[in-house]
There are 2 protein chains.
Amino acid sequence: MTRSEENYLKIIFHLGGSDSTPITTNAIAEQMETKPSSVTDMAKKLAEKNLVKYKRYQGVSLTEQGTKTALSIIRKHRLWEVFLVKKLDFSWDEVHEVAEQLEHIKSEKLIDKIDELLEFPKFDPHGDPIPSKDGKFMVRDKQLLSEMSIGSKGVCVGVKDSSAPFLKFLDKNKIALGHTIQVLEIEDFDHSLRIAMEGRELRISHQIASNLYVKKNE
Amino acid sequence: MTRSEENYLKIIFHLGGSDSTPITTNAIAEQMETKPSSVTDMAKKLAEKNLVKYKRYQGVSLTEQGTKTALSIIRKHRLWEVFLVKKLDFSWDEVHEVAEQLEHIKSEKLIDKIDELLEFPKFDPHGDPIPSKDGKFMVRDKQLLSEMSIGSKGVCVGVKDSSAPFLKFLDKNKIALGHTIQVLEIEDFDHSLRIAMEGRELRISHQIASNLYVKKNE
DNA sequence: ATTAAAATTTAGACAAATCTAAAAATAGGT
DNA sequence: ACCTATTTTTAGATTTGTCTAAATTTTAAT
Ligand SMILES: [Mn+2]
Ligand SMILES: [Mn+2]
Ligand SMILES: [Mn+2]
Ligand SMILES: [Mn+2]
């Protein structure tokens, strides 16, 4: 597997899709920051290797083997992110770039030992689940903060947008995973929210709220 | 810098050489496990980037900039090797391959944090010195065991051959860095040695002795 | 000084991954 | 059903790093 093939598989996985709703060439091209014609070439190559199903003009979907491979890359990416944060004091907005490189290191033993060193974490620094060796991962019952009703309480468990600017904004406003949240008020005008978080009260825009995942209290 | 360029620089560094005694095309080709014609192409490219001095038919030597780059790759390689042994319980015969990949990860912060986590080690698991950020490294006063005279004592501080088979052989015979060594007898016939090591007595061939570095006691 | 052997370079080709421009297929609106 | 806009594919070129085979230069022996 080349690095490029691995990146395509990862992106196809993240775009979702299935046999019945394949991923389009353009969607992949946009995520890969490449041209559709390049995607077509790669689609053929991956199909040749039985990693994707591909029919001309009909888009691409992962085979079982392709899914397995994608999950193993994602596993490595997220474990390295945890390593960087927990063991090397990286902040959560710095880890993605480095993990993009580290995810391609080829050594089963290495990633298993990292997993062990970290005591088998189930989620990465952004709240995304870490697949196990056999490709299974926790699906956490979570919803966007923007979809919660007034008065409801929960715990912040993840971010939808994990770009550095958004993560830095959260840091600046002392919003972090694990914090408790209660929705106090939702403005009709702009859908901004007034929330209580760890004793404080703050106002956040609809855009922020629609990029924060919350686990609702029972 | 591409991965290939980095590997060429590293190998040119390891081959020694200087402005007056440049490294030959064939020597590089052999180490890189590639063809001389490929080396010529790369020599031109590296010369273009001012990383080596290159004159047709006259071989290659590193510029100051090339030396700096080579040392930074070697620093990364050796720090990762220490990390694998100390933090992930790899054995010293398993680390080289993985370090060959990890040495190409591009992140200053990452390698500095690894350095810090390891408490700034000065030598790698094979006894080779780890260059500092600014490219300086300890030159240890050491000699080959095969060059020691009868009766002299020392401490085993490094291996010349760090291939897995040799390292495994040392493990099997409980020869490790840090162990004390005294030369008891040298056979005229085959130059094999009888040595005392950590209380035991053992016999080792000339070939083994000429791949073990010892720091002589004053 | 000649000459043969060895080392090195050049020329031309190839695979991987990408691009641009043109052609083909599909999808959506009327 | 038809036409047009969009999507996707093809064809051909480019870059990087490699190769083989042929040509050139160096070296070392006579
Ligand atoms: Mn990430
Ligand atoms: Mn990647
Ligand atoms: Mn090594
Ligand atoms: Mn390398």
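Me: What makes the pair formed by Ser38(A) and DNA strand C a polar contact?

Reply: In this predicted model, a polar side-chain atom of Ser38(A) lies 2.7 Å from a phosphate oxygen of DNA strand C. A polar contact requires N or O atoms within 3.5 Å. The value of 2.7 Å satisfies that limit, so the pair is called a polar contact.

Me: How do you know that Thr2(A) and Tyr57(A) also make polar contacts with DNA strand C?

Reply: An N or O atom in the side chain of Thr2(A) is 2.6 Å from a phosphate oxygen of DNA strand C. For Tyr57(A), a polar side-chain atom lies 3.2 Å from a sugar or linking oxygen of DNA strand C. Both values are within 3.5 Å, and therefore both pairs qualify.

Me: Which residues are closest to DNA strand C, and what makes a residue near a strand?

Reply: A residue is near when one of its heavy atoms lies within 4 Å of the strand. DNA strand C is surrounded by 20 residues, and the closest are Thr34(A), Lys45(A), Thr40(B), Lys44(B) and Tyr54(B). Of the atoms of DNA strand C that come within 4 Å of the protein, 77% belong to sugar and phosphate. The surface near DNA strand C comprises five nonpolar, ten polar and five charged residues. At least two of its residues come from each of H1 and H3 of chain A, and from each of helix H2 (25-32) and H3 of chain B.

Me: What surrounds DNA strand D, and which helices supply the surface near it?

Reply: Among the 20 residues around DNA strand D, those that come nearest are Lys44(A), Tyr54(A), Thr2(B), Thr34(B) and Lys45(B). Helix H2 (25-32) and helix H3 (36-48) of chain A each supply at least two residues of this surface, as do helix H1 (3-14) and helix H3 (36-48) of chain B. Sugar or phosphate accounts for 78% of the atoms of DNA strand D within 4 Å of the protein, and bases account for the rest.

Me: What makes the pairs of Thr2(B), Thr34(B) and Ser37(B) with DNA strand D polar contacts?

Reply: The side chain of Thr2(B) has an N or O atom 2.6 Å from a phosphate oxygen of DNA strand D. A polar side-chain atom of Thr34(B) is likewise 2.6 Å from a phosphate oxygen of that strand. For Ser37(B), the partner is a base oxygen of DNA strand D, at 3.0 Å. Each value is within 3.5 Å, so each pair is a polar contact.

Me: Why is Glu5(A) called buried or exposed?

Reply: Glu5(A) has a relative accessible area of 1%. Buried means under 20%, and therefore Glu5(A) is called buried. Glu5(A) belongs to helix H1 (residues 3-14) of chain A. Leaving aside residues up to four places away in sequence, Glu5(A) touches Met42(A), Lys45(A), Leu46(A) and Lys49(A). Met42(A) is 37 residues from Glu5(A) along the chain, yet their C-alpha atoms are separated by 7.6 Å.

Me: What makes particular atoms donors of the manganese ion (ligand 1)?

Reply: Donors are N, O and S atoms within 2.8 Å of this metal. His77(A) (NE2), Glu81(A) (OE) and His96(A) (ND1) coordinate the manganese ion (ligand 1) at 2.1 to 2.2 Å. These distances meet the limit, so the atoms are called donors. Their spacing along the chain is H-x3-E-x14-H. His77(A) lies in helix H4 (residues 64-88) and His96(A) in helix H5 (residues 95-102) of chain A, so the pair ties together parts 19 residues apart in sequence.

Me: Why are His77(A) and His96(A) placed in the accessibility classes that they receive?

Reply: His77(A) has a relative accessibility of 6%, which is under 20%, so His77(A) counts as buried. His96(A) has 39%, which lies between 20% and 50%, and therefore counts as partly exposed.

Me: Which residues of chain B are donors of the manganese ion (ligand 3)?

Reply: The protein donors are His77(B) (NE2), Glu81(B) (OE) and His96(B) (ND1), at 2.1 to 2.2 Å from the manganese ion (ligand 3). His77(B), at 7% relative accessibility, is buried, whereas His96(B), at 37%, is partly exposed.

Me: How do you know that the two copies are related as by a rotation axis?

Reply: A turn of 180° and a shift of 0.0 Å along the axis lay chain A on chain B with an RMSD of 0.0 Å. The two copies are therefore related as by a two-fold rotation axis. Leu102(A) has the C-alpha of chain A nearest the axis, at 3.9 Å from it. The same surface serves both copies, as 100% of the contact residues of chain A recur in chain B.

Technical notes: Residues numbered from 1 in each chain as written. Chains lettered and ligands numbered in written order. Predicted model: local features only at pLDDT ≥ 70, side-chain atom pairs only at ≥ 80, totals over all residues. Heavy atoms only, no water. Polar contact = N/O pair within 3.5 Å; in protein donor to acceptor, adjacent residues only side chain to side chain. Helix = DSSP H or I, 4+ residues; strand = E, 2+ residues; numbered from the N terminus. Buried < 20%, exposed > 50% of the residue type's maximum accessible area, 1.4 Å probe, protein only. Contact = heavy atoms within 4.5 Å. Donors = N, O, S within 2.8 Å, 3.2 Å for Na, K, Ca; no water. Least-squares fit on C-alpha atoms with pLDDT ≥ 70 in both. Nonpolar A, V, L, I, M, F, W, Y, C, P; charged D, E, K, R; others polar.
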